[in-house]
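Biologist: Before we discuss any details, could you show me the model and then take me through how its features should be read?

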Amino acid sequence: MDRPGFFDLMSFGPDGWAPALLQATLMTLAVAGTGYLIGGTLGALLAWAKLRGGPVLRGIAGTYTTVLRGIPDLLVIYLFYFGGSMMLTKLMRGFGYEGFVDLPGFAAGAMAIGVVSAAQHAEVFRGAYRAVNPGEIEAASAIGMSRSTLFRRIVLPLTARHALPGMGNVWQITLKESALVSVTGVVELLRQAQIGAGSTRQPFYFFFAAAVLFLVVTWGSGLILGRAERHFNRGLQR
Amino acid sequence: MDFPFLWQTVQTLSAGIPLTLLLATLSVSIGVVIAITIAATRLWGPRALQQAAKFYVFVFRGTPLLVQMFLIYYGLGQFEAVRSSFLWPVLREPFWCAILALSLNTGAYGSEIVRGGLQSVGHGQREAAMACGMSPWLAFRRIVLPQAVRQALPAYGNELILLCKATSLASMITLMEITGLAAKLISDTYRVIEVFAAAGAIYLAINFVLTRLVAFADHRLTAHLRPVATGKPAPDTRLTGAKP
């Protein structure tokens, strides 16, 4: 029997996998985006703890970043996926529910990715804050700005400008890391490619298509990030 | 927490340390050669090769390592031409597929670091070496490369740690290194926290040693930048005000 070629498989026709793969690309973006937002929030808190916290908070934040940067992300995903379901089951038993409660793969994956990227975010934010010229902050307080105005009008925009390249890097890393979430059964790009490879026995075509789609996404986000950087640096002299 | 079980887990997982270390060292060794070749090509190679090198780096940095690994391990076997070629005994082994994917990946990331290091070496260094009569290759090997290595080492140390963590993906193509053993143990015992803690501790220990090794190498390579220790106490300049 003649097996379908690459373009037959990747078409929008009745036997084509293009719609499924494109939908999976959206899922990849959703997982990575959710994880990135969780990581950004947690990372901001960590950076704050490192910059402004007392010795205890600083110690906790320092340990967090050291540990998360030394442990493979796959292990963290296993921890959240298997550990999360177990915790939920125990928790529900406390409410009198007997039986196994499954933590959805999406939630486990996004949280795991978020926890990993939080460590990277924290370093980016801390470095960016350090790069703000102290004179700017002194000038703002000398002019009589309140602490909240100073933070909102001076510190935040300047930190954002310095943080943007680093945040772009973290986004690219998160995007590629989201492929690991396929182990939780979430049908993102790599998982969809595995499904297609299994049912057509043409693994190369499917993993190749996944690679191309990943490349398109990372390349596209690179373009957008470059544009954003130019936008936020438009006030700088060249 | 159940400490006897934790200790037992550490011992079980330790069986995977040699494979993790083997994967890491072998792919670093190949990856460094790729990185230097690609970086040199991008800087001094002919135009067509420059474009090819750029494309290689773009593809391998723009796609997830796991996709690359699956493409090599599961994907290549799809073609009859590959299955009947002399490379098949190598390409059907998950170990060599993992090595291939890891080396190509770290080679692409490493080439950017090496390129930065090579670019940081002043033009005059190379010119002076050529003026002394060195051939381009000798000038590269004796003058440019050592200075570039010194410059690139801290960033390359980071890449080594990332690669060490990346070896865990080899467990996805059936290799039983530390993470593979941990995943098996989790599904056998359902004791996620303990297994995670044990595996995490092993990885942290490996990466700690790695960080110290890189710091030691950095210390050795930058000896000329440190003030020379004379063995005499520093002169007392409190009254004279002279700068020491």
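Modeller: Let us begin with the vocabulary of secondary structure: helices (H or I, at least four residues) and strands (E, at least two) are DSSP runs, numbered from the N terminus. What you see is a predicted model, in which local features need pLDDT of at least 70 and side-chain atom pairs count only at pLDDT 80 or more, while totals for chains, interfaces and linings use all residues. Residues are numbered from 1 along each chain as its sequence is written, chains are lettered from A and ligands numbered from 1 in the order in which they are written, and side-chain values use heavy atoms, with hydrogens and water left out.

Biologist: What is the mean pLDDT of chain B, and which ipTM and pTM does the predictor give the complex?

Modeller: pLDDT is the predictor's confidence in each residue, from 0 to 100. For chain B the mean is 91, and 95% of its residues reach 70 or more; for the complex, the predictor gives an ipTM of 0.90 and a pTM of 0.89.

Biologist: Which residues of chain A does the UniProt annotation "transmembrane region" cover?

Modeller: Such annotations may be inferred rather than shown by experiment; UniProt positions are given here in the numbering used for this model, and feature names are shortened. The unreviewed UniProt entry places "transmembrane region" at residues 20-49, 61-82 and 204-225 of chain A. In the model, residues 20-49 of chain A are 100% helix and 0% strand, with 43 Å between the end C-alpha atoms, and residues 204-225 of chain A are likewise 100% helix and 0% strand, with their end C-alpha atoms 31 Å apart. The unreviewed entry also carries "domain: ABC transmembrane type-1" over residues 25-225 of chain A, a span that is 84% helix and 0% strand and whose end C-alpha atoms are 19 Å apart.

Biologist: How should I read a single helix, and which residues of H8(A) are buried?

Modeller: One can start from the expected span of a helix, which is 1.5 Å times one less than its number of residues. Helix H8 of chain A (residues 189-200) has twelve residues and reaches 16 Å from first to last C-alpha, close to the 16 Å expected. Burial is read from relative accessible area: buried means under 20%, exposed over 50%, and partly exposed in between (1.4 Å probe, protein chains only). In H8(A) the buried residues are A:Leu189, A:Leu190, A:Gln192, A:Ala193, A:Gly196, A:Ala197 and A:Thr200. They lie on the same side of H8(A), because they cover an arc of only 160 degrees around the axis, the arc being that of the directions from the helix axis to the C-beta atoms.

Biologist: What do the buried residues of H8(A) pack against?

Modeller: Contact here means heavy atoms within 4.5 Å. The buried residues of H8(A) pack against helix H1 (6-9), helix H2 (18-52) and helix H9 (203-232) of chain A, together with helix H4 (65-75) of chain B.

Biologist: Where does A:Arg201 lie, and is A:Arg201 buried or exposed?

Modeller: A:Arg201 lies in the loop between H8 and H9 of chain A and has a positive phi of about 60 degrees although it is not a glycine; with a relative accessible area of 62%, A:Arg201 is exposed. In chain B, B:Tyr190 also has a positive phi of about 60 degrees without being a glycine, and B:Tyr190 is found in the loop between helix H10 (178-189) and helix H11 (192-221), where it counts as exposed at 55% relative accessibility.

Biologist: How many residues does the largest nonpolar core have?

Modeller: A nonpolar core is a set of buried Ala, Val, Leu, Ile, Met, Phe, Trp, Tyr and Cys residues joined through side-chain atoms within 4.5 Å. The largest has 95 residues, and those with the most contacts inside it are A:Val76, B:Leu13, B:Leu23 and B:Leu118. Helix H9 of chain B (residues 136-166) gives the most to this core, with twelve residues. A second, separate core of eleven residues includes A:Ala47, A:Ala128, A:Val170 and A:Trp171.

Biologist: Which residues is A:His121 in contact with, leaving aside its neighbours within four places in sequence?

Modeller: A:His121, in helix H5 (residues 105-131) of chain A, is buried, with a relative accessible area of 0%. Apart from those neighbours, A:His121 is in contact with A:Tyr36, A:Gly39, A:Gly40, A:Gly43, A:Met167 and A:Val170.
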